[in-house]
Amino acid sequence: RKRTRISAPFHFGEAEVEQNKQPSIDVLPDECLVEIFKRISGGKERSSCACVSKHWLMLLTSIRKGEYESSKVVKENVGSNSGDVEMILSEEDDGYLTRCLEGKKATDMRLAAVAVGTSGHGGLGKLSIRGSSSSRGVTNFGLSAVARGCPSLKVLSLWNVPRVGDEGLCEIAKECHLLEKLDLCQCPHLSNKGLIAIAANCPNLTALSIQSCPKIGNEGLQAIGKLCPKLQSISIKDCPLVGDHGVSSLLSSASSVLSKVKLQGLSITDFSLAVIGHYGKSVTNLMLSGLQNVSEKGFWVMGNAQGLQKLVSFTIASCWGVTDVSLEAIGKGCANLKQMCLRRCCFVSGDGLVAFAKSAGSLECLQLEECNRVTQSGVIGVLSNCGLKSLTLVKCMGIKDISLEAPLSSSCNSLKSLSIRNCPGFGTASLAMVGRLCPQLQHVDLSGLCGITDAGLLPLLENCEAGLVKVNLSGCLNLTDEVVLHLTKLHGATLELLSLNGCRRITDASLAAVAENCVFLSDLDVSRCAITDVGIAALSHAEQLNLQVLSFSGCSGVSNKSMTFLKKLGKTLVGLNLQHCNSISTQTIELLVESLWRCDILF
């Protein structure tokens, strides 16, 4: 039946009006929201609020850690023995969390989220920002958010952040008084103002590294030296405004505890080196690189000042002032020097090296790279007159292979490690002399010596009385299976590492010798050698072998037939390199990966 029609007034928009009358927190002004956020008790709840919107996240980052009501309650009751108070303190103030933002991920929003999120989970202790977009990367706002929310920050590293300036660093200094380590690299807008603020507010600073910051100069370093009494490590590189005044003030003020100093690519002169030699009483590690304005006199004065008595490790690179005379002075002035590294010091000769070795009585490790005036006689002289434990020569082109008719006066029984890499003049005669001179060698690295042959290496192997442990012969193109046969017979009981990468005359016979004689070998590299399936089969049948790392990269003679043998070897392997083995199919590789699931396979 048809229903009766009822007439009723129609009110347009009534539903919308009623809906708009519903209460909403969004209508509150920001000041009220901030006061509400201050009264949220826990870090987890604040993190939940930050997830609501970017607006709420920005408001939360504007609140300092101490402005929250929960922090005030803890401070008021810090003297009590309440378990709850102890829990809050350990949860929020330790600062053991680490965060690293790189490239496109380094933005203000992410930093703001880090600042809010870490406060409820132990506090942020280490923050590293590596690279930042010039358009939407990290700015002073993001760094300020971290400062307000993370007073527990102890380590800050800023690399390539062009939009961060003094304002952000000053905010860090104002809020993060526990800061201990600061690393600034490629920050073009940071100046002395930010560094002075750090010095004034962060008395616990122990390590400072500044690289490629063109606006940081002497004033900032002066403040660091005066106001940071705990500074132990300083590294300054490629800062054009840093000169003698800043370096000398820093070193003279912080001389009591400063132990590590690195100065690279600076326009300092002899005066700074004189200050180092006089005030560096606590310096144990010193690196000087690319100091083009320092002359022979500067290094000579530094050595004769007698202040570097605790210096243990010294590295000099690309400094024209290093000569035979200044090097001998350094040896006499550094009584406890144990490690010396000279890179691209073109005025140091073999005679100067011998004089230095005689004067540096505690020297144990000597490393020479691209020192082209050093000769064979200089190397032999150093070994004959010094108790070295380790000698490294890299790309020293002045060494020529000459046979000495006079017998060697004495031997160097202390030398345990010998590394001669990419020195084309170091050949058979030189190697034979070193073998007679150093009978206690355990580690030998001759990679890149194309001139040595079996005849030159065999005397060295025969004279090593202690037993070789690590041997690297990579790139020695003229060596044959005969060397490996003698090596494994003489030192198979001690050999742990053997690298024959690129020795193209090494064949399956060498692997058979390794399988028969080596007991403790754990790392074997026969990449780009004439190895086939027969050699791998021989290795797999050696029951005493426990290889952990094995490389056959570039061995075209290794095929699918070796899969069974590789599976057997894989029981102990943690690393297997099969790259560029073109005779092994993809299916075989997949089966190996599935079978040797504990082994990291490169293919």
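This is a guided walk through the structure shown above, stopping at a pocket, two helices, two loop residues, a cavity and some cysteines. Keep in mind as you look that the model is predicted.

Let us begin with an opening in the protein. The second largest pocket has a volume of about 220 Å³. It is lined by 15 residues, and those closest to its centre are Ala207, Leu208, Ser209, Ser233 and Ser235. Which strands help to build this lining? At least two residues each come from strand S3 (155-159), strand S4 (181-185), strand S5 (207-211), strand S6 (233-237) and strand S7 (260-264). If you sort the lining of this pocket by class, you will find seven nonpolar, four polar and four charged residues.

Two of those strands, S3 and S4, turn up again when we look at helix H9, because they are among the elements that cover its buried residues. Helix H9 spans residues 166-175, and seven of its ten residues are buried, so the rest of the structure largely encloses this helix. Try finding the buried ones in the model: Asp166, Gly168, Leu169, Glu171, Ile172, Ala173 and Glu175. Besides S3 and S4, their cover includes helix H8 (140-149) and helix H10 (192-201).

Further along the chain is another helix to explore, H21, which runs over residues 508-517. Here the buried residues are Asp508, Ser510, Leu511, Ala513, Val514 and Ala515. They pack against helix H20 (481-491), strand S16 (497-499), strand S17 (523-525) and helix H22 (533-540).

Loops can hold buried residues too, as Gly280 shows. You will find Gly280 in the loop between helix H13 (270-279) and strand S8 (285-289). Gly280 counts as buried because its relative accessible area is 5%, and the cut-off for buried is under 20%. What does Gly280 touch, leaving aside its neighbours within four places in sequence? Its contacts are Val275, Gly307 and Leu308. Take Leu308 as an example: 28 residues separate it from Gly280 in sequence, while their C-alpha atoms are 5.6 Å apart in space.

Ser562 gives us a second loop residue to visit, this time between strand S18 (549-551) and helix H23 (563-569). Is Ser562 buried or exposed? Its relative accessible area is 0%, so Ser562 is buried. Not counting residues up to four places away in sequence, Ser562 touches Asp533 and Ile536.

Now for spaces inside the protein. Searching the whole structure gives two cavities of 30 Å³ or more. The second largest has a volume of about 30 Å³, and its lining consists of Val444, Leu457, Leu460, Leu461, Leu468, Val471 and Leu473. Helix H19 (residues 454-463) provides the largest share of that lining, with three residues. By class, the lining of this cavity has seven nonpolar residues, no polar ones and no charged ones.

Our last stop is the cysteines. A disulfide is a covalent bond between the sulfur atoms of two cysteines. How many disulfides does a search of the whole structure find? The answer is zero. Cys365 helps to show why: its closest cysteine sulfur, in Cys341, is 8.2 Å from its own, too far for a bond, given that a disulfide needs the two sulfurs within 2.5 Å. Cys365 is also partly exposed, with a relative accessible area of 23%. Cys100 is partly exposed as well, and its relative accessible area is 45%.

How values were computed:
Residues are numbered from 1 along each chain as its sequence is written. This is a predicted model: local features need pLDDT of at least 70, side-chain atom pairs count only at pLDDT 80 or more; totals for chains, interfaces and linings use all residues. Side-chain values use heavy atoms; hydrogens and water are left out. Buried means under 20% relative accessible area, exposed over 50%, partly exposed in between (1.4 Å probe, protein chains only). On a 1 Å grid over the protein atoms alone, a cavity is a set of points where a 1.4 Å probe fits but cannot get out, and a pocket is an open set with protein on both sides within 12 Å along at least five of seven lines; lining residues have an atom within 4 Å of a point. Grid points are joined across faces, edges and corners, and a volume is the space filled by probe spheres set on the points. Helices (H or I, at least four residues) and strands (E, at least two) are DSSP runs, numbered from the N terminus. Ala, Val, Leu, Ile, Met, Phe, Trp, Tyr, Cys and Pro count as nonpolar, Asp, Glu, Lys and Arg as charged, and the others, Gly among them, as polar. Contact means heavy atoms within 4.5 Å.
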